[in-house]
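Trainee: Hi! I'm new to this one, could you walk me through it?
Mentor: Happy to, let's put it on the screen.

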Amino acid sequence: MFKNIGIVLKNSPTSGDSSVLNELLTVLLKKTENIFSIDEVNINGVQTLDIKEFNNLVDLIIVFGGDGTLLGAARKFINNETPILGINMGTVGFLTDVNIENFESVIKDIFWGNYILEERSLVEARFAEQEVFGLNEVLIHSGSYAQLMARDGKYATVKLASGEIRRILSTCLA
């Protein structure tokens, strides 16, 4: 059973996000009094630790945010063997597959030991003496802005491209 829970919150939560976070953390506080963060958060029951103490103490990290928040946490705690649970407070949620609506039942299952740890592939890329890590994949692009586009529930990364690539994307989204 997990005793010391670390939390990572999405950057710049809205007031609505903060309200939901307080509700979710209230559920979590019913299961444990030991909730920690490396960031200063203004939430009752959450203690702030430096990253070294955090890494040595927590036995589960819960990430509240979207896929970007989860990926950032995975990079930050790359040398830890601590399991990470992603709670989807974003839009897409490819990686953060636990919804806020089923958070309470998922947490109950986890604290009862009803869970399966799923290991993810960690990919390393090196370029010009720079080393980066990704979860499942690494995207290399020119550095110009890229965004996610949705059409009928299907997603694709969109970037200014040649006509051929545009046709491929159009076909994929069709």
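Mentor: We'll go from the whole chain to one helix and then to a few single residues.

Trainee: Before we start, what kind of model is this?
Mentor: This is a predicted model.

Trainee: Got it. How many helices and strands does the protein chain have?
Mentor: There are five helices and 10 strands in the protein chain.

Trainee: And how much of the chain is buried?
Mentor: Of the 174 residues in the protein chain, 34% are buried. As for contacts with a separation of 6 or more, 47% of them come from residues 24 or more positions apart.

Trainee: Let's zoom in on H4. Which of its residues are buried?
Mentor: Phe 103, Val 106, Ile 107, Ile 110 and Phe 111 are the buried ones in H4. Looking down the axis of H4, you'd find these buried residues within an arc of 130 degrees, so they line one face of the helix.

Trainee: Why would residues spaced like that end up on one side?
Mentor: An α-helix has 3.6 residues a turn, so residues three or four places apart point the same way.

Trainee: Nice. What covers the buried residues of H4?
Mentor: The cover includes strand S1 (5–9), H1, strand S4 (60–65), S5 and strand S6 (98–99).

Trainee: You mentioned H1. At what angle do the axes of H1 and H4 cross?
Mentor: Helix H1 (residues 15–29) and helix H4 (residues 103–111) have axes that cross at roughly 25 degrees and come within 10 Å. An angle under 35 degrees counts as roughly parallel, and H1 and H4 are therefore roughly parallel to each other. The crossing of H1 past H4 is right-handed.

Trainee: Which residues make that contact?
Mentor: On the H1 side you have Leu 24, Val 27 and Leu 28, and H4 brings Phe 103, Glu 104, Ile 107 and Phe 111. Sorted by type, the residues of this contact are six nonpolar, no polar and one charged.

Trainee: What about Lys 108, is that buried or partly exposed?
Mentor: Lys 108 is in helix H4, and with a relative accessibility of 41% this residue counts as partly exposed. Its C-alpha is 9.3 Å from that of Val 27, although the two are 81 residues apart in sequence.

Trainee: And what comes after H4?
Mentor: Gly 113 follows H4, and its phi is positive, near 85 degrees.

Trainee: Is there a residue other than glycine with a positive phi, and which one is it?
Mentor: Glu 129 is one, with phi near 60 degrees. You'll find Glu 129 in the loop between strand S7 (122–127) and strand S8 (130–135). Glu 129 is exposed, at 88% relative accessible area.

Trainee: Switching to the start of the chain, where is Phe 2?
Mentor: Phe 2 sits in the segment before S1. Its relative accessibility is 10%, so Phe 2 counts as buried.

Trainee: What is Phe 2 in contact with?
Mentor: Apart from neighbours within four places in sequence, Phe 2 contacts Asp 59, Leu 60, Pro 83, Ile 110, Phe 111 and Tyr 115. Ile 110 and Phe 111 are among the buried residues of H4 we listed. There's also a distance to look at: the C-alpha atoms of Phe 2 and Val 58 are 8.5 Å apart, with their positions 56 residues apart along the chain.

Trainee: Last one: where is Thr 82, and what does it touch?
Mentor: Thr 82 is in the loop between helix H3 (67–76) and strand S5 (84–88). Leaving out residues up to four places away in sequence, Thr 82 touches Val 58, Asp 59, Leu 60 and Ile 61. At 15% relative accessibility, Thr 82 falls under the 20% cut-off and therefore counts as buried.

Definitions and conventions: Residues numbered from 1 in each chain as written. Predicted model: local features only at pLDDT ≥ 70, side-chain atom pairs only at ≥ 80, totals over all residues. Heavy atoms only, no water. Axes fitted to C-alpha atoms, helices over the stretch in contact; angles between N-to-C directions. Helix = DSSP H or I, 4+ residues; strand = E, 2+ residues; numbered from the N terminus. Parallel < 35°, antiparallel > 145°, perpendicular 65-115°, else oblique. Left-handed = near helix turned anticlockwise from the far one by under 90°. Contact = heavy atoms within 4.5 Å. Nonpolar A, V, L, I, M, F, W, Y, C, P; charged D, E, K, R; others polar. Buried < 20%, exposed > 50% of the residue type's maximum accessible area, 1.4 Å probe, protein only. Arc of directions from axis to C-beta.
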